[in-house]
Amino acid sequence: MERSFIIALVGLLLMLSPKAVLSQENAYSPYHAKVQYAGSIGFASVGIGRSFFDEKLETDLFVGYLPERIGGDHIWTAALKATAIPFKVIPVRSLDWQPLRLGLQLGHTFGEEYFIVEPRDKYEKGYYGFPTALHLYLQLGGQLDFGRIPKLDRLGLYYEVNTSAEYLISYIQNPKYLGLGKIFNLALGVRVRL
């Protein structure tokens, strides 16, 4: 199953190569595809999304996978992300840098052992306090676009740091037990304009 997922990720990247998507030069649609490593959606994830308001807002839908050898079990996730880009792009040589991207991510973990509403037959009321299947994340990051480099003009590389609302609340309640390094997750990804 892991190999199939990795092959599907690589296949998606190859199918979305700049030449295969649109032959008309600089004719971008508002849609994009992404491949992401980590970032609370699994070891690897694929997503599709859309930009709005002259690329000041992006929405994405991801499906992710965490293999058993890394997570102790096969874990499938889905996430809906909304990202705001509040500042103008900064040109850095032949790259365009978006220095700040702020967002929210709503993630769902699939499996019978995860729940949205705490099962009363298994746990006392308030035992967990949070759902184990549904999580809200706050994120910030940036992106480098290759828009001025021929043949790479549809590609961008992005980075994000996120934390779940549960971790943030737990940290505020008990900062001695949970250090900042334990509550943040890093994501690295590739964005391909369609």
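1. Starting with one ring: Phe-52, at 28% relative accessibility, counts as partly exposed. Bear in mind that this is a predicted model. The residue beside Phe-52 in the pair below, Phe-53, reaches 63% relative accessibility, so Phe-53 counts as exposed.

2. Looking for aromatic pairs through the whole structure turns up three of them. One of these is edge-to-face: the ring centres of Tyr-37 and Phe-43 are 5.4 Å apart, with the planes at 85 degrees. The rings of Phe-52 and Phe-53 pair as well, with centres 6.4 Å apart and planes at 45 degrees, so this pair is tilted. If you want the reasoning on the labels, planes over 60 degrees apart count as edge-to-face, and tilted is what remains once those under 30 have been called stacked.

3. Are the two partners in the edge-to-face pair buried or exposed? Tyr-37 has 46% relative accessibility, so Tyr-37 counts as partly exposed. Phe-43 comes out at 29%, which also makes Phe-43 partly exposed.

4. Two charges over rings are worth a look in your viewer. Lys-34 lies over the face of Tyr-158, 4.8 Å from the ring centre. The charged end of Arg-50 sits over Tyr-31, at 5.3 Å from the centre of that ring.

5. Now the strands. Strand 6 covers residues 95-109 and runs antiparallel to strand 4, residues 75-84, with eight bridges joining the two. To find the register, go to Ala-79, whose bridge partner in strand 6 is Gly-107.

6. Strand 6 also pairs with strand 7 (residues 134-145), again in the antiparallel sense, and here there are eleven bridges. A handy marker for this pairing is Leu-106, which stands opposite Leu-136 in strand 7. As background for anyone following side chains along these strands, in a regular strand they alternate between the two faces of the sheet.

7. Strand 5 is the short run at residues 90-92, and three bridges pair it with strand 6 in the antiparallel sense. Val-92 stands opposite Leu-95 of strand 6.

8. Which residue takes a positive phi in the hairpin of strand 5 and strand 6? That is Arg-93, with phi near 55 degrees, in a hairpin that has two residues between the strands. If you are checking backbone torsions, Arg-93 is the entry to look up for that positive value.

Notes
Residues are numbered from 1 along each chain as its sequence is written. This is a predicted model: local features need pLDDT of at least 70, side-chain atom pairs count only at pLDDT 80 or more; totals for chains, interfaces and linings use all residues. Side-chain values use heavy atoms; hydrogens and water are left out. Two strands pair if DSSP finds at least two bridges between them. Helices (H or I, at least four residues) and strands (E, at least two) are DSSP runs, numbered from the N terminus. Rings of Phe, Tyr and Trp (its six-membered ring) pair if their centres lie within 6.5 Å; planes under 30 degrees apart count as stacked, over 60 as edge-to-face and the rest as tilted. Buried means under 20% relative accessible area, exposed over 50%, partly exposed in between (1.4 Å probe, protein chains only). A charge sits over a ring if NZ of Lys or CZ of Arg is within 6 Å of the ring centre and within 35 degrees of the ring normal.
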